[in-house]
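Biologist: Hello! I have a model open on my screen and would like a friendly walk around one part of it. Could you take your time over the details?

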Amino acid sequence: MLEPPPTDADLGDPAQWVDRYGDALLQYAVTRVGDLETAEDLVQETFLSAFRARGGFDHRAAFSTWLIAILRRKIIDHYRKDARTLVTTDAELDEVAPMFDLSGH
């Protein structure tokens, strides 16, 4: 027999999540991304995702563990996005510019 999905009451008041779990999540994120602002953004995204998916929380782990798992995926996505972003400096552009004509060929 399937158990009914958890209610908001089972997870505590979402308005209290930041007070209860925010510091631990932020510390986890900062140690992995090394930047406070990025870590804060990732934690905020974690809370938003958890709020949206709270009906899918099945109590197989502690709620804090579930939040850490969401945050870990957010951190992985952050690094994947960074890996796809190519950063070039003006000096690098100046170095390769002579290889192309005005039409870009």
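Biologist: Which side chain does Arg60 meet in a salt bridge, and at what N to O distance? From there, please take me along helix H4 (63-84) and show me what its residues touch.

Modeller: Happy to. Please keep in mind that this is a predicted model. The partner of Arg60 is Asp58, and the two side chains come together in a salt bridge at 2.6 Å, N to O. With a relative accessibility of 75%, Arg60 counts as exposed. Asp58 is partly exposed, at 41%.

Before we move into H4, here is the setting. The chain contains five helices and zero strands, giving the pattern α-α-α-α-α along the sequence. It has 105 residues, and 23% of them count as buried. If you take the contacts between residues at least 6 apart in sequence, 66% join residues at least 24 apart.

Now for the helix itself. H4 has 22 residues, and at 1.5 Å a residue these should span 32 Å; the end C-alpha atoms are 32 Å apart, so expectation and model agree. Its buried residues are Phe63, Trp66, Leu67, Ala69, Ile70, Leu71, Ile75 and His78.

Much of that list is nonpolar, which brings us to the core. In soluble globular proteins, nonpolar side chains tend to be buried together. Here the largest nonpolar core has 19 residues, and those that touch the most other members are Phe63, Leu67 and Leu71. Helix H4 shares this core with helix H2 (17-33) and helix H3 (36-53), these being the elements that give two or more residues to it. Leu67 is a good place to zoom in. Setting aside neighbours within four places in sequence, Leu67 is in contact with Tyr21, Leu25, Thr46, Phe47 and Ala50.

Next, look at the rings. The model has six aromatic pairs. In one of them, Trp17 and Phe63 sit 5.0 Å apart, centre to centre, with 50° between their planes, a tilted arrangement. Trp17 belongs to helix H2 and Phe63 to helix H4, so this pair ties together parts that are 46 residues apart in sequence. Buried means under 20% relative accessible area; Trp17, at 3%, therefore counts as buried, and Phe63, at 9%, does too.

Phe63 has a further ring partner in Trp66. Their ring centres are 5.5 Å apart and their planes meet at 40°, so this pair is also tilted. Both residues lie in helix H4, three residues apart, or about one turn of the helix. Trp66 is buried, with a relative accessibility of 18%. If you select Trp17, Tyr21, Phe51, Phe57, Phe63 and Trp66, you will see a cluster linked by ring pairs. One member of that cluster also has a charged neighbour: Arg54 lies over the face of Phe51, 3.9 Å from the ring centre. Elsewhere, Arg32 takes up such a position over the face of Tyr28, at 3.6 Å from the ring centre.

Further along H4, turn to His78, one of the buried residues of the helix. Its C-alpha is 8.9 Å from that of Val33, although the two residues are 45 apart in sequence. Val33 lies in helix H2 and is buried, with a relative accessible area of 16%. Not counting residues up to four places away in sequence, Val33 touches Thr38, Ala39, Leu42, Ile75, His78 and Tyr79. Of these, Ile75 and His78 are among the buried residues of H4.

Let me finish where your question began, with salt bridges. The model has two of them. Besides the Arg60 and Asp58 bridge, there is one between Arg80 and Asp77, with the closest N and O atoms 3.8 Å apart. Arg80 and Asp77 both belong to helix H4, three residues apart, about one turn of the helix. Arg80 counts as exposed at 52% relative accessibility, while Asp77 is partly exposed at 41%. So within H4 you can compare buried residues such as Phe63, at 9%, with the exposed Arg80, at 52%.

Key:
Residues numbered from 1 in each chain as written. Predicted model: local features only at pLDDT ≥ 70, side-chain atom pairs only at ≥ 80, totals over all residues. Heavy atoms only, no water. Core = buried A, V, L, I, M, F, W, Y, C linked by side-chain atoms within 4.5 Å. Buried < 20%, exposed > 50% of the residue type's maximum accessible area, 1.4 Å probe, protein only. Helix = DSSP H or I, 4+ residues; strand = E, 2+ residues; numbered from the N terminus. Contact = heavy atoms within 4.5 Å. Phe/Tyr/Trp six-rings, centres within 6.5 Å; stacked < 30°, edge-to-face > 60°. Lys NZ or Arg CZ within 6 Å of the ring centre and 35° of its normal. Expected span 1.5 Å × (residues − 1). Salt bridge = Lys/Arg side-chain N within 4 Å of Asp/Glu carboxyl O.
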